[in-house]
Amino acid sequence: VGPYRLLEELGRGGMGAVYRAEDDTLRRQVAVKVMAPHLARDPQARARFVREAQAQARVEHDHVTPVYHAGEADGVAFIAMPLLRGRTLADSLS
């Protein structure tokens, strides 16, 4: 997806999936949220995805992941952000 090579799926949600990926230019691992293909064809869903990236990028807080890059490649919208390592919320609750 764009300059990112997807390595493994980390999770899925209502808007798409998040992958562990490698930034081919900077040679670092990142998380890339990719919009679901069936939603990518819906102009309202695409606009909501872009608004999400813009809102996230405006917030500077220790508990909000910064946005590295938002874009589109081959009709697929994506958001790249730092890859956070640790336990999932589900793991923490069990």
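**Exercises on a sheet and its turns**

Asp74 is located in the loop that joins strand 4 and strand 5. The model used in these exercises is predicted.

**Exercise 1.** State what is unusual about the phi of Asp74, and decide whether Asp74 is buried or exposed.

*Solution.* Step 1: most residues other than glycine have a negative phi. Step 2: Asp74 is not a glycine, yet its phi is positive, at about 55°. Step 3: exposed means over 50% relative accessible area. Asp74 has 83% relative accessibility and therefore counts as exposed. Step 4: the turn holding Asp74 belongs to a hairpin of strand 4 and strand 5, with 2 residues between the strands.

**Exercise 2.** Describe how strand 4 and strand 5 pair, and name the bridge partners of Ala70 and Gly71.

*Solution.* Step 1: strand 4 pairs with strand 5 (residues 76-82) in the antiparallel sense, over 5 bridges. Step 2: Gly71 has Phe78 as its bridge partner in strand 5. Step 3: for Ala70, the partner in strand 5 is Ile79.

**Exercise 3.** Give the strand order of the sheet and find the strands at its edges.

*Solution.* Step 1: the sheet is open, has 5 strands in the order 1-2-3-5-4, and pairs them antiparallel. Step 2: strand 1 (4-12) and strand 4 (69-73) are at the edges; each has a single partner strand, so one side of each lacks a neighbour in the sheet. Step 3: on average, neighbouring strands are turned by 30° against each other, direction ignored. Step 4: helix 2 (residues 43-58) packs on the sheet and touches strand 3 (28-35), strand 4 and strand 5. The direction of helix 2 makes about 20° with that of strand 5.

How values were computed
Residues are numbered from 1 along each chain as its sequence is written. This is a predicted model: local features need pLDDT of at least 70, side-chain atom pairs count only at pLDDT 80 or more; totals for chains, interfaces and linings use all residues. Side-chain values use heavy atoms; hydrogens and water are left out. Two strands pair if DSSP finds at least two bridges between them. Helices (H or I, at least four residues) and strands (E, at least two) are DSSP runs, numbered from the N terminus. Axes are lines fitted to C-alpha atoms, for helices over the stretch in contact, and angles run from 0 to 180 degrees between N-to-C directions. Contact means heavy atoms within 4.5 Å. Buried means under 20% relative accessible area, exposed over 50%, partly exposed in between (1.4 Å probe, protein chains only).
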